Amino acid sequence: MTEETAAKQTAENGGPAPAAISSPCAVDGLILLPVRNFVAFPGTVFPLAVGREASVAAVELAVREDRPLGVILQRDPSLEQPAAEDLHRIGCTADILRYVRSPDSGNHIICRGTGRFRLSKLLQERPFAVAHVEQITEPADHRPETEARFLHLRDLTVELLELLPDAPGGLAESVKDMAEPGLLADLAAAYSDFPVAERQEILETLGIGARIEKTARLLARRVEVLRITKEIGEQTREALDERHRKAVLREQLAAIQRELGEGEGSTADEFAELSRRITAAGMPEDTERYALKELGRYNRMPEAAGETGMLRTWLEWMTEMPWQLPEAQPVDLQEARGILDEDHYGLEKIKARIIEYLAVRKLAPAGKAPILCIAGPPGVGKTSLGQSIARALGRPFARFSLGGVHNEAEIRGHRRTYIGAMPGMVIQSIRRAGARNCVLMLDEIDKLGRGPGGDPSSVLLEVLDPSQNAAFRDNYLGVSFDLSHVVFLATANLLETIPAPLLDRMEVITLPGYLEDEKLEIAKRHLLKGQLEATGLAPEQAAISDAALLGVIRSYTREAGVRNLERMIGALLRHAAVGIAGGKAASVQIGADDLKEILGPPRYEDEVAMRTSVPGVATGLAWTPSGGSILFIEASRVPGEGKLVLTGQLGDVMRESAQAAMTLVKARMGELGIDQAVFENSDIHVHVPAGATPKDGPSAGTAIFSAMVSLLVDRNLRNDTAMTGEISLRGLVLPVGGIREKVMAAATAGLSRVLLPDRNRRDLDDIPKAARDVLEVVWLETVDDILTHAFDTDLKTRDFNR
């Protein structure tokens with residue numbers, strides 16, 4: 001193996017070999033050489049130190065008669081004379097290439113492994129072991145997976161040999177040319193420093209594929225350790241060398257300056273350069289005076305002072321801030337409209353509001369424009385709208401995320417006296433943008449935190465207030481910086497979590513979710529192009545049909561935005577890339593019939609018709625932070641004592657709605673033809689499926705009331721209708737929120753009718769026209785309207801006494 005292995009074997013101890021020993025030996029047996037802590041492999045050349053008297057005798061006879069040895073590992077290294085049961089069953093036959101006897105360093109042999117053998121039985125034990133063995137032939141394995149594992153193992157072995165400092169020269173090149181999988185696995189195991197038990201396990205693994213896989217698994221871990229060790233060593237050595245080099249150069253430079261008398265001149269040049277940069281930065285007069293004062297203090301400081309580095313960094317920040325206001329770019333509203341249309345499909349009301357905003361900026365550039373907060377569910381394009389506004393204004397764009405920020409110093413900065421102090425995120429973003437009139441987006445403003453370090457939302461009150469931010473003071477800079485020309489934008493998913501004073505400073509623009517046809521157009525115009533670039537495919541190499549895109553939208557995504565849709569399109573194109581890169585096809589066309597094979601079974605199905613086909617099941621509409629959704633209300637009657645059982649992780653408000661619905665049904669049982677004994681001898685169980693999801697709110701009142709009535713009068717509700725609204729004990733249907741999102745969820749689910757509270761008529765204009773075109777909206781004033789419009793027959797005209 002290596003000299004290190006030979007050194008290990010020297011621990012077997014033993015004196016110089018005696019003269020030739022004439023030892024009896026079974027002619028048809030293999031001479032065994034038990035070894036400690038070493039495993040020999042076929043195809044490798046390795047040295048061994050021979051110290052025990054029996055081992056010396058065995059080697060002497062093998063050399064004299066030119067016979068092979070059976071190198072086999074003993075189970076307990078401490079045994080001097082191992083018996084048959086103390087030996088492993090699998091060993092390696094080896095030819096002795098050289099035998100060296102030395103009175104000083106003991107006896108050594110150099111062997112070459114020739115093959116595996118299995119120990120059958122021991123023919124003799126004294127003076128050395130001779131055994132009857134079964135030679136193991138290498139099985140052939142031409143499977144493609146074995147070939148792939150072999151190529152992977154060869155790369156790992158080459159990398160191992162390059163990382164090992166004592167690997168034999170030229171061995172890596174030999175491994176690159178090797179074509180025998182089994183031999184490569186043996187060679188990799190032999191030249192790695194695996195524990196003895198793992199080496200023996202590899203030796204005993206006779207299947208080529210299994211042996212390669214086992215070796216590769218162990219080798220990958222070892223290569224990673226060696227790679228990290230090498231990187232750490234190189235980084236440490238480079239750091240020390242660089243530090244030493246800089247110290248020597250600095251000392252030499254100081255000596256040269258002392259000899260030439262130029263030590264003061266160097267400091268003077270730096271002072272002049274910083275002074276020039278401060279003057280050229282265009283700071284306000286008082287700020288420039290303060291910066292020059294600090295520069296003078298820096299010039300008087302000794303180089304070894306601890307504050308020198310801190311003050312130099314502060315001066316660099318001051319000179320690199322964009323103090324001067326760049327020349328305003330004229331706003332072209334036609335070009336701005338083109339940019340918005342190019343970047344976003346639909347959103348006509350949103351685009352119109354942004355054009356209004358840009359028109360005001362054009363007519364009154366020095367005016368105090370409102371702070372826009374773009375709110376909407378995830379994936380609808382809030383951040384990209386901000387980028388489009390920046391393009392339309394011709395200004396740099398910068399953003400930072402406020403999600404999880406819980407320390408006001410992250411907004412306002414730390415005082416520069418602290419170690420590692422930095423300006424706040426506002427100043428950092430403006431410096432990064434390089435313009436004092438940039439478009440700065442405050443992302444995820446609804447996810448601001450609050451901790452022991454103060455309330456960041458309180459700092460944002462100053463940042464976003466046009467009457468205050470002209471003199472914003474960052475703790476690190478220590479001077480005022482004018483933010484009045486920065487165009488601030490904010491994004492949020494939920495408005496409820498934004499502090500009221502902060503929300504009051506912003507004008508909210510709400511982005512609704514997208515309908516099916518809008519998602520299809522967005523996928524064709526934007527998502528498909530982006531994913532083609534991401535996968536390296538040309539448009540002529542891969543195409544997805546409109547039917548396939550619609551199938552993905554309906555059966556594999558259920559969201560207000562298009563983020564998951566983009567991921568699914570990426571999955572389809574990656575599947576196409578595999579076929580094209582593998583040479584199986586020059587181009588791939590993906591149709592609707594290919595979706596199940598590529599993406600798996602559909603994740604979402606249209607359950608409305610199936611789940612409302614029995615009495616007691618109503619379809620409600622719910623609002624969630626990611627948009628609207630369909631909510632099913634199920635009611636059942638079982639023998640009992642008139643109790644109302646509620647399940648499905650319902651909140652307190654929703655439970656109260658169910659109680660109100662139950663009371664309202666009891667109050668109207670006469671006109672509905674319901675026998676009072678039903679309530680005395682039965683329990684009503686109301687369940688809202690998806691029990692793992694918490695649900696709350698009053699808007700399910702109409703659906704709960706409908707489900708109870710449907711159950712008790714044994715009539716089906718219309719399976720093309722969904723409803724929302726709060727009910728009162730007088731039978732009134734009260735208004736609720738989230739009408740736009742709920743109606744869009746109904747349109748997406750394929751429904752044709754929605755029942756809405758009459759007092760929500762004011763929200764009709766907020767519903768996209770595409771949704772209004774496919775849905776019939778029925779307005780509810782009282783629960784009597786539910787009995788008229790929600791059932792397959794009008795319960796108000798039904799004869800309950802027939």
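Here are five short exercises with worked solutions on this predicted model.

**Exercise 1. Getting an overview**

Find how many helices and strands the chain has, and what share of its residues is buried.

Solution. Start with the secondary structure: the chain holds 29 helices and 24 strands. Next, turn to burial: of the 802 residues in the chain, 47% are buried. Finally, look at the contacts with a separation of 6 or more: 73% of them are between residues 24 or more positions apart.

**Exercise 2. An open sheet and its edges**

Work out the strand order of the open sheet that contains β8, and say which strands lie at its edges.

Solution. Begin by tracing the neighbours. The sheet has 5 strands, in the order β8-β9-β12-β7-β13, and their pairing is parallel. As background, strands of a sheet pair through backbone hydrogen bonds, in either a parallel or an antiparallel way. Now go to the ends of the order: β8 and β13 (506-510) each pair on one side only, and these are the edge strands. To finish, check the twist: on average, neighbouring strands of this sheet are turned by 25° against each other, direction ignored.

**Exercise 3. Strand β8 up close**

Describe how β8 is joined to β9, and which side chains of β8 are buried.

Solution. Take the pairing to begin with. Strand β8 (residues 397-401) is linked to β9 (residues 439-443) by 5 bridges, and the two strands run parallel. You can follow the register residue by residue: phenylalanine 397 sits opposite valine 439 of β9, and serine 401 sits opposite aspartate 443. Then look at the side chains, which alternate along β8. Ala398 and Phe400 point to one face and are buried. Phe397, Arg399 and Ser401 point to the other face and are not buried.

**Exercise 4. Two helix pairs**

Classify the packing of α18 with α19, then that of α3 with α5, by angle, handedness and contact residues.

Solution. For the α18 and α19 pair, read off the geometry. Helix α18 (residues 516-535) packs against helix α19 (residues 546-555) at about 125°, and the axes are 10 Å apart. This angle makes α18 oblique to α19. The crossing is right-handed. The contact brings Glu516, Lys519, Leu520, Ala523 and Lys524 of α18 to Asp546, Leu549, Leu550, Ile553 and Arg554 of α19. Sorted by class, these are 5 nonpolar, no polar and 5 charged residues.

Now repeat the steps for the other pair. The axes of α3 (residues 144-163) and α5 (residues 181-191) come within 10 Å and cross at roughly 30°. Angles under 35 degrees count as roughly parallel, so α3 is roughly parallel to α5. This crossing is left-handed. From α3, the contact uses Phe150, Leu153, Arg154, Thr157, Leu160 and Leu161, and from α5 it uses Pro181, Leu184, Ala185, Ala188 and Tyr191. By class, there are 9 nonpolar, 1 polar and 1 charged residues.

**Exercise 5. A serine in a helix**

Decide whether serine 706 is buried or exposed, and list what serine 706 touches.

Solution. Locate the residue: serine 706 belongs to helix α26 (residues 701-713). Then check its accessibility: serine 706 has a relative accessible area of 0%, so this residue is buried. Last, gather its contacts. Leaving out residues up to four places away in sequence, serine 706 touches Ala618, Leu717, Met723, Ile786 and Phe791.

Key:
Residues numbered from 1 in each chain as written. Predicted model: local features only at pLDDT ≥ 70, side-chain atom pairs only at ≥ 80, totals over all residues. Heavy atoms only, no water. Buried < 20%, exposed > 50% of the residue type's maximum accessible area, 1.4 Å probe, protein only. Helix = DSSP H or I, 4+ residues; strand = E, 2+ residues; numbered from the N terminus. Pairing = 2+ DSSP bridges. Axes fitted to C-alpha atoms, helices over the stretch in contact; angles between N-to-C directions. Parallel < 35°, antiparallel > 145°, perpendicular 65-115°, else oblique. Left-handed = near helix turned anticlockwise from the far one by under 90°. Contact = heavy atoms within 4.5 Å. Nonpolar A, V, L, I, M, F, W, Y, C, P; charged D, E, K, R; others polar.
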